[in-house]
Amino acid sequence: MGIAEVSILLLVGIIVLLSAGVPLGLASGFLGVCVAYWKLGERGFFILGQRMYDLTIEHALLAVPLFIFMAMLLERSNIAKDMYDALNVWLARTRGGIAIVTAIMAIIMAAMSGIIGGEVVLLGLIALPQMLRLGYNQNLAVGTICASGSLGTMIPPSIVLIIYGVVTETSIHALFRAAILPGLMLGGLYILYIMVRTRLKPEMAPLPDDLGEVTLRDKIMALKGLLPPVMLVTAILGSIYGGITGITEAAAIGCIGTLLLIWVRGEFSVQLFLEALQRTMRSTGTILWVTFGATCLAGAYSIAGGPVFVANTILGMELPNMGVILMMMLIFLFLGALMDWVGIVLLTMPVFLPIVAGMTASEMGLFGGLDPSHLKVWFGILFCMNMQVSFLSPPFGPAAFYLKSVAPPHIQLTDIFKGFLPFICIQLIGLGVMLAFPEITSILLD
């Protein structure tokens, strides 16, 4: 059996197993072990074990459970609710103001922890009831919460960027710097869409009937609700970009700062702490099992000669460099609708990145302004943009299931996916901008 047949069998196998409800970690691990045994016998097991060990001892991976723990603490405190109330005082009297508040809140939360699931659930608990009570269009409310909540993929400190940096040996610090403008651009596009759509169709976002007078003093007093989040963002990103600490140490600072804020606010309890730890262990365990399984499959496929086969197949089409990049984007979008981002980065990067590294940076984008040393960083940002789409893509878009877990019973999964359509279009526009103008990622790297 040749590598072409093995590639087809693996693709069919992963789709069949995932469709049957087998978790991604087990499905990819099983296929990887089968290929390794077929190719090398028992020696293949030792090679796969060594690959998993080498990946899991990476120091930067310690930041993952720390940021998850921080997100779980925020989810159980009232820090996020106070931030929402503060923003609401400023924008509730604006057409579509509650949706804009939700998007701004999501941007700030993404800069605090970078955890997607926690953001969507928290916004669903805080913002969704408010928007439905005020008569907001259901599709607008659902789409705003899930699209904005998934900004943790892009805005530092993003766990997606951390894993990408570890797997591809790319500077995580550089990835964080490069992702700031694209992440804020995407958030800005969401807000712009909300503002334009609600002005063209005011019935989609009725103004509250019980509008009272809000003085400048009230608005200034409300800003105290923004103080804790701003302090956390400053502590985390300031320590990273200021060169004071690394990524892992900054994550630890964020956890300690969050615990101190919760304690000062009188919200700390042993139950809150233990529940946050329990949820952290569960989420981290899920990521690790997916990592182990995908590492097995990627390693076995590499042993079988898969990366060389895929690279030769793509290059054999004799497409221009941007044509090859576009093909990779389509593969990311296809895989993103079927499987978890951890599996995608572990499975595809060993194949795609050598191809990208061999490209000429001056041929990227419309004007060829990309620095050759920033090629891997730009490709990482493109990957994150694709994962933004994957979080909303049916049939397995995880954001829909996160929101469904806290949404009112009358909102079905089909309703949630329907609300995603305009925001998926916005994400694809953002991806197109990054493809056309890759130099955006270099602005804060120089």
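Me: Which helix gives the largest share of the lining of the largest pocket?
Reply: Keep in mind that this is a predicted model. The pocket has a volume of about 1000 Å³, and among the helices that each supply at least two residues of its lining are H4 (63–76), H7 (116–133) and H14 (270–303). With six residues, the largest share comes from H14.

Me: And which residues that line the largest pocket are the closest to its centre?
Reply: The lining has 35 residues, and by class they come out as 24 nonpolar, eight polar and three charged. The ones closest to the centre are Thr-286, Asp-340, Phe-391, Pro-398 and Tyr-402.

Me: How many charged residues are there in the lining of the second largest pocket?
Reply: This pocket has a volume of about 680 Å³. Of its 25 lining residues, Ser-7, Leu-11, Tyr-301, Val-310 and Leu-335 sit closest to the centre. H1 (3–19), H14, H15 (306–316), H16 (321–336) and H17 each chip in at least two lining residues. Split by class, the lining has 21 nonpolar and four polar residues, and the charged count is no residues.

Me: Is Phe-268 buried, partly exposed or exposed?
Reply: Look for Phe-268 in the loop between H13 (247–264) and H14. Together with Ile-256, Leu-260, Trp-263 and Val-264, Phe-268 forms a nonpolar surface patch with about 570 Å² of accessible area. Buried would need under 20% relative accessible area and exposed over 50%. Phe-268 has 37%, so the call is partly exposed.

Notes
Residues numbered from 1 in each chain as written. Predicted model: local features only at pLDDT ≥ 70, side-chain atom pairs only at ≥ 80, totals over all residues. Heavy atoms only, no water. 1 Å grid on protein atoms, 1.4 Å probe; cavity = no way out; pocket = protein on both sides within 12 Å on 5 of 7 lines; lining within 4 Å. Points joined across faces, edges and corners; volume = space filled by probe spheres on them. Helix = DSSP H or I, 4+ residues; strand = E, 2+ residues; numbered from the N terminus. Nonpolar A, V, L, I, M, F, W, Y, C, P; charged D, E, K, R; others polar. Patch = residues over 30% accessible without salt bridge, like charges linked within 9 Å, V, L, I, M, F, W, Y side chains within 5 Å. Areas by Shrake-Rupley, 256 points an atom, 1.4 Å probe, with all protein chains shown as cover. Salt bridge = Lys/Arg side-chain N within 4 Å of Asp/Glu carboxyl O. Buried < 20%, exposed > 50% of the residue type's maximum accessible area, 1.4 Å probe, protein only.
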